[in-house]
Amino acid sequence: MGKLQKAVLIRTVVPIMLMGIIIALFASSRYKKMLYEQMKPMLSTAASSVMTVYDELYKGDYKLVGDGQFSLYKGEQELTGDFAIIDRIAAEAGVEITLFYKDARILTTLKDAEGERYVATGVNSAIYRAIEKELDVCYYNVEIDGVEYYACYAPIMHSDGSLVGMVGVARKTEQISEVVLKTLEPVWLIILCCAVLAGYISVNYTKELVDGIQQIRDFLQCMTRGELNHLMNSRILKREDEIGDAGRSVVAMQKAVRILVERDPLTTLYNRRYGTAKLKKIQRQAKKCGLKYAVAMGDIDYFKKVNDTFGHEAGDSVLVRVADQLKRAVVGKGFACRWGGEEFLIVLDGLDRKEALEMLTQMLQNIRSIVIPCQGQEIRVTMTMGFVDGALSDDHEELIRMADDRLYYGKEHGRNRIVANVDDDAMTLDMYDMENIKEMLSQAEYDLSEMSKELHQLEKKDVAEALDLQMTEEEAEEDRMVEDMIRKLSENAIKEVEEETEASEETTAAEETEDQEEKEDKEASEETKTAEEKEETEDKKEMGEEKEVEENKTSESGSGSKKEEMIGNTADKEKRGKSEEGAD
């Protein structure tokens, strides 16, 4: 029996017992009082019977005769030593009878331990004074030689109305108590039965209560040990009382804690800690049952650039969209977790190498289809993955390291691909990324055509601002890699677009030169008319102006060449930027 059961049992049975005892004591007190009231007429009747018998047998008044040794007479009959009458009446009534002259016992049925009668002894003076005062029957609880009695005292009167003595009739209170106890025995038995029944009900009910509390306690202890998948007993959850409410609340708390502990708050994928634990579990099952599994590490391409360009909210949107694709793809086939930042761990359970690669390829295609509108532009997402067959190692850390190495190999060799074997990356690319190459080529052609339209707008910008555009070392390295990849994949298409762009630039520059020459010819004509009025002075001035015009042409031609060179450099940078956005 548990502590709670004992406490509830005590708090249930003890009050019932106390209440029963109080009721029984109150009932016995009331019953005893009732018996005393019922005894009064019987005692009074016995006293009257004694006086009536003596009055009928012996005529005359009571008187005390003698010098030194007194004798009680009734009329002419001496009563001293004649106990026959009072013994017979006492035996029939079951009482003790005493005949007093004044306050002294003359005849009595009371005897001590040796059998001697209590004659020539006195009564309590307070009782005799009360009789003298009331001259009527009085009732008292008295103690005679250590024995308690309930007594009735009736006055004996002379014929002239004076008080002679009294007749005392008493009954032991022990007898009354025995009657009370015997009468209340069923009451005590009922109280005891009620207490036992209450204890039984309490023990059985509290057993269920304690079992429920212990179940909840064990459930919480499992949570403290990190066992967040432990199930609550269904009987607790079906209860409709406070225990059931507590059980359901604890289960809800377990779910909330499991989400906090196991899930990434942004993507709701498993976090790194729980992902590692699940990978270990899959490894143990695979080793025990001989099942196949695979591990892949994925990283979103150019994620930092998305954050820097569009802000962290856009980056969060990319993470959430990619996580949704991963969750849908691995349902029933494994799990995905956010490893850190823009990295994701994907574990495929029950799939061989070919099936796993096909699934990852489809997953990568779904990710490539993600388009996120942001600030009037579209963010396109790609991902690079490193793939490892689970059979390569029994150490989960080694598998993750191998997948991570292949991921970074893919990052360094073009991104947007699955690297399943570092030694044969070209084959892996041909097998799983041909669709990606076509998309990149189409996107590059589109971006280059857009650049040609934007070159005219660059002329309106300050050349100094174009020259001040600096690229970080990381962006320059990324641009170089993207440019090399695009040049290898679509060199002919890019050259054609560049030639069209250069032809457009040359046409624009030629038109500007012709406009400048026309303006110079007009100025020269006006100067010729003015020179006729002052031939000598104007001739000199005209020669100087012609020289100045030639110098201006030379300087403007040089400035135009420099401006074209700067525009060309700016266009090259814009091409690289557009190519990078297309790759993204």
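User: Which residues does D301 touch in this predicted model, leaving out those up to four places away in sequence?
Analyst: D301 touches T382, M383, T384, K411, R415 and N416. The model is predicted. D301 sits in the loop between β9 (293-300) and α8 (303-310).

User: Why is D301 called buried?
Analyst: Buried means under 20% relative accessible area. D301 has 4%, so D301 is buried.

User: What makes the pair D301 and T382 a polar contact?
Analyst: The cut-off is 3.5 Å between N or O atoms. The side chains of D301 and T382 make their polar contact at 2.8 Å, which is within that cut-off. The side chain of D301 also makes a polar contact with the side chain of K411, at 2.8 Å.

User: Why is V137 called partly exposed?
Analyst: Partly exposed lies between the 20% and 50% limits. V137 has a relative accessible area of 27%, so the term fits. V137 is in the loop between α3 (125-134) and β6 (138-144). Its contacts beyond four places in sequence are S44, C152, Y153, A154 and P155.

User: How do you know that β9 and β14 pair?
Analyst: Pairing needs at least two bridges. Seven bridges join β9 to β14 (residues 383-389), so they pair. The two strands run antiparallel. A296 stands opposite F387 in β14.

User: What makes β10 and β15 edge strands?
Analyst: The open sheet has the order β10-β11-β9-β14-β15, with mixed pairing. β10 (334-340) and β15 (418-419) each have a single partner strand, so one side of each lacks a neighbour in the sheet.

Methods:
Residues numbered from 1 in each chain as written. Predicted model: local features only at pLDDT ≥ 70, side-chain atom pairs only at ≥ 80, totals over all residues. Heavy atoms only, no water. Helix = DSSP H or I, 4+ residues; strand = E, 2+ residues; numbered from the N terminus. Buried < 20%, exposed > 50% of the residue type's maximum accessible area, 1.4 Å probe, protein only. Contact = heavy atoms within 4.5 Å. Polar contact = N/O pair within 3.5 Å; in protein donor to acceptor, adjacent residues only side chain to side chain.
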